[in-house]
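Please look at the structure below and consider the spaces within it that protein atoms do not fill. The report that follows describes them one after another.

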Amino acid sequence: LSATTAAGTAVPSEVRVEDQPAYPYRGIMVDCARHFLPVPVLKRLIRGMAMAKLNTLHLHLTDTAAFPLEVPSRPQMAERGAYSPAETYSVADVKDLVQYAELHAVNLIPEVDTPAHVSAGWDDGQLVCNENEWADRAVEPPSGQFNVANESIYETLGDIYGYLQGAFPHGVMHMGGDEVIVGNDDGAWARCWNSSLSQPILDMLEQAGHSRSDPASFYQLWANFTGRAYGEARKAGFKKFMQWGGGQAPSAEIYSLIQQPNITKLLPPGEVDVVVWDELNGSVAGELTEQGYGVILANSDYVYLDCGSPGWVKPGGYWCGPYREWYKIYEYMQDAKKTMPADQWKLIKGAQVLNWGETSDEFNAEVRIWPRAAALAEALWSDPTTGWYEADPRMQRFRSLLAANQIPSAALQPERCQMGPPYACTLKPASDLSEESVLI
């Protein structure tokens, strides 16, 4: 903002910039359990987020594979749940990370996933289906779910929530709440709660007079657990929550709590926002906004950054594909907006990209995230009406900015392309070319 004149360099005496985001929630989720992500990596990620005007880092802190979080009143959980003593988040680490995030205007949201996705770190008596075998009882190794017949889990959860409430000042707790495997012993591809692997739960059902052949029995178990877990989190001081949710066809193996009737009584809209992970076409997001829920979009066919990876339990590719290119991510919100009425769209709080950690560690996580996360960042801030082609010069420049700041990121084009004018190596979409040919 300067000009060279005969009298010298002139600068304006007053400048006013008006700018604000289109969506309040603009995020990245990282998986800190399947591979431990050291604090310096998370700090560098936060620095990149500030550059892109992303404001929320969702930390998936625990899963079946690891419990790296040090809880002062439960030190044994990290001692036996972390991969090594060096791969833990100490109280000092969390405090340091929170302060760094605050300086960069980034909110941290902790997630301790339950009642599925639990194994490492928990007491054996609090678990079922956590033996070494996994192929017939989980979607991936290792296996494990809560033994909801064991009352001690609630005291443990209360201690965890109490620590997190004091450690993370943003005041939002992600409760997990996804992919409970029920199954059966009669040929289901996966089995847990409704199987001989979970005898304490079957005994609990029998004593209560519930039938194991009725899916409603297991949904009631899950709802009872969820109500008590939320109760522990409220006692700890949390008032705002997030929960996983996705639409899926009825299944004997994997249940979906968020689609149950009267879910609003268990998870009150206004108190709970739902992070929706299913595919955009036919997503449960519209149904949830109709019920009054705030929704954070995380549809797997647009923003799961791990999709397109190689297979890791067998050859033949990852469970989802293809690779989610930045072009598609940029137009995500425009596509999603077409799926519901305007009055329901008002309840869309924003969106996040997700980097699940099965094949992502401290050495490649950032390269997988950047610069693709920046495509969503611009969409969430500016709510553009144009497409990826118009954004291409800005994406190329932003990737160069990441490199200049030594933030690992994937190259978008050969270096020679950056030396030329905008669009030097980018072809117009075929639809635009066809319109030009008509005009000619």
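## Pockets and cavities

In this predicted model, the largest pocket holds about 710 Å³ of space. Its lining is made up of 27 residues, and those that lie nearest the centre of the pocket are Val139, Glu140, Glu179, Trp319 and Glu358. When the lining of the largest pocket is sorted by class, eleven residues are nonpolar, five are polar and eleven are charged.

The second largest pocket has a volume of about 320 Å³, and it is lined by 16 residues, of which Ala52, Ala374, Glu378, Arg394 and Phe398 are the closest to its centre. Helix 1 (39-52), helix 14 (372-382) and helix 15 (388-404) each contribute at least two residues to this lining, while helix 14 gives the most, namely six residues.

Turning to the enclosed spaces, the count comes to four cavities of 30 Å³ or more. The largest cavity has a volume of about 140 Å³, and of the 15 residues that line it, Thr64, His117, Ala138, Val139 and Gly144 are the closest to its centre. Val139 is thus named for the largest pocket and also for the largest cavity.

The table sets out the classes of the lining residues.

| Space | Nonpolar | Polar | Charged |
|---|---|---|---|
| Largest pocket | eleven residues | five residues | eleven residues |
| Second largest pocket | ten residues | one residue | five residues |
| Largest cavity | five residues | five residues | five residues |

Definitions and conventions:
Residues numbered from 1 in each chain as written. Predicted model: local features only at pLDDT ≥ 70, side-chain atom pairs only at ≥ 80, totals over all residues. Heavy atoms only, no water. 1 Å grid on protein atoms, 1.4 Å probe; cavity = no way out; pocket = protein on both sides within 12 Å on 5 of 7 lines; lining within 4 Å. Points joined across faces, edges and corners; volume = space filled by probe spheres on them. Nonpolar A, V, L, I, M, F, W, Y, C, P; charged D, E, K, R; others polar. Helix = DSSP H or I, 4+ residues; strand = E, 2+ residues; numbered from the N terminus.
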